[in-house]
Amino acid sequence: MPATSPGARGATITGWGSALPSKVVTNADLARTLDTSDEWIKERSGIAERRVGGSTAELSIESARRALAKSGVDPSEIDALVLSTTTPDRTVPATSARVQNALALTCGAFDVNAACSGFVYALTVAHGLIAIGARKVLVIGTDTLSRITDWTDRNTAVLFADGSGAVVLEACDGPGQLLAWDIDSDGSAEELLYSDIGGHIHMEGKEVFRRAVRIMVDSAQKSLTAAGVSAENISLVVPHQANIRIIEAACERLGIPMERAATVLRYTGNTSSASIPLALVDALDAGRVHAGDLVLLVGFGAGMTAGSAVLRWGGST
Ligand code: UT7
């Protein structure tokens with residue numbers, strides 16, 4: 001996949017925000033109804049608790065309001081809304097319709113579904129919109145996986161949860177923040193992780209784990225190569241928050257020390273589309289990212305999909 005085309009109008013993230021439901025479900029809560037334990041869940045996944053509740057639109061509206069406030073952009077200035085979700089509130093219309101109305105946006109709005117890689121896909125699409133003339137784009141990643149989780153299945157119930165993260169992307173004069181990007185799909189792996197309409201998530205956990213590490217590393221390496229930078233130049237990696245062992249294995253293979261990884265899954269669980277923006281917002285709010293830093297976003301998910309992006313924080317004007 002390409003480095004950003006020379007001469008394309010660039011963009012930078014100017015606002016960010018996140019939202020989590022108020023209801024906390026601990027591992028001990030799950031162990032009351034499932035044959036599992038706090039120790040097993042922490043050791044095998046790194047998750048201690050997760051948040052559950054709310055609709056995809058409600059969480060999206062909350063995180064987007066925070067991102068808009070942070071950027072100082074008025075909703076009327078937004079030229080497009082791209083909402084990444086694999087758990088829309090309705091089959092039709094797209095959940096972005098309700099979000100657009102609630103935020104009083106006056107622009108086109110659409111959903112993107114690339115499962116847990118979706119936020120990287122949506123961010124890439126938003127950069128494309130800016131390259132062809134949009135000035136300000138709102139990008140949201142939200143999932144309410146609790147609604148499609150079988151709470152009697154210990155293979156999946158201990159992992160999935162709800163949340164949302166959003167960013168405001170604005171056109172800038174120079175080349176912008178996105179040095180390179182990569183999106184991948186392998187539809188032959190569809191049966192490893194799916195939920196039928198009206199059904200629950202089914203997952204071949206071990207095989208998903210095995211492939212996840214491989215496709216994350218592969219996608220990240222494509223973006224790093226296209227950006228002309230090496231892993232040691234990356235100040236912060238923001239990986240999909242599925243399992244701490246997947247993150248550790250991917251970081252090790254990429255040669256990025258874990259201290260440079262943004263992780264929130266200990267208290268969020270796996271929130272699919274929301275997981276990368278939740279971890280990014282957490283790192284930004286903690287002051288871990290400075291102008292000029294190289295940030296690597298990398299995700300994988302059902303499909304199976306993968307996506308990565310190398311950003312130079314703050315862009316260059
Ligand atoms: O967004 C992408 C979504 N999905 C993923 O990224 C998931 C990727 N996969 C994983 O994260 C891991 O494979 C899991 C966390 C799902 C499972 O961890 P694992 O180390 O691969 O465990 P396992 O499937 O090999 O199971 C080990 C044992 C089994 O028992 P036996 O056969 O050894 O007796 C399981 O039945 O652990 C058992 N087990 C559990 N025990 C307690 C499976 N789930 C649980 C549980 N609590 N919740």
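Helices (H or I, at least four residues) and strands (E, at least two) are DSSP runs, numbered from the N terminus. This is a predicted model, in which local features need pLDDT of at least 70 and side-chain atom pairs count only at pLDDT 80 or more, while totals for chains, interfaces and linings use all residues. Residues are numbered from 1 along each chain as its sequence is written, and side-chain values use heavy atoms, with hydrogens and water left out.

**Close-up 1. A cis peptide bond between V92 and P93.** Welcome to the first view, where V92 and P93 are joined by a cis peptide bond with omega of about -5 degrees. To find P93, look in the loop between β4 and α4 (95-102).

**Close-up 2. A cis bond from G303 to M304.** Here the peptide bond running from G303 to M304 is cis, and its omega is near -5 degrees. M304 sits in the loop between β12 (294-301) and β13 (305-312).

**Close-up 3. A positive phi at A104.** A104 is not a glycine, yet its phi is positive, at about 60 degrees. This residue belongs to the loop between α4 and β5 (108-112). For background, most residues other than glycine have a negative phi, and most peptide bonds are trans.

**Close-up 4. Two domains and the interface between them.** The protein is divided into domain 1 (11-171) and domain 2 (178-312), with bounds that come from an automatic or database domain assignment. Taken over C-alpha atoms, the centres of the two domains are 15 Å apart. In all, 49 residues of domain 1 are in contact (heavy atoms within 4.5 Å) with 43 residues of domain 2. The buried area, meaning the accessible area (1.4 Å probe) that two parts lose on being put together, summed over both, is about 3500 Å² between the domains, and carbon and sulfur atoms give 67% of it. In domain 1, C116, V120 and Y121 lose the most area to domain 2, together 17% of what that side buries.

**Close-up 5. Polar contacts across the domain interface.** Between domain 1 and domain 2 there are 19 residue pairs in polar contact, both residues at pLDDT 80 or more. A polar contact is a pair of N or O atoms within 3.5 Å; within protein, one must be able to donate a hydrogen and the other to accept it, and residues adjacent in sequence count only if both atoms are side-chain atoms. On the side of domain 1 that touches domain 2, the largest share, 7 residues, comes from α5.

**Close-up 6. The surroundings of the ligand.** There are 23 residues around the ligand (a heavy atom within 4 Å), and T36, R44, K206, H240 and N243 come nearest. An N or O atom in the side chain of R44 is 2.8 Å from an oxygen atom of the ligand. For R154, the corresponding distance to a ligand oxygen is 2.9 Å, and for H240 it is 2.8 Å.

**Close-up 7. A salt bridge between R135 and D79.** The side chains of R135 and D79 meet at 3.0 Å, N to O, in a salt bridge, defined as a side-chain nitrogen of Lys or Arg within 4 Å of a carboxyl oxygen of Asp or Glu. R135 lies in the loop between α5 and β6 and D79 in the loop between α3 (56-71) and β4 (80-84), so the pair ties together parts that are 56 residues apart in sequence.
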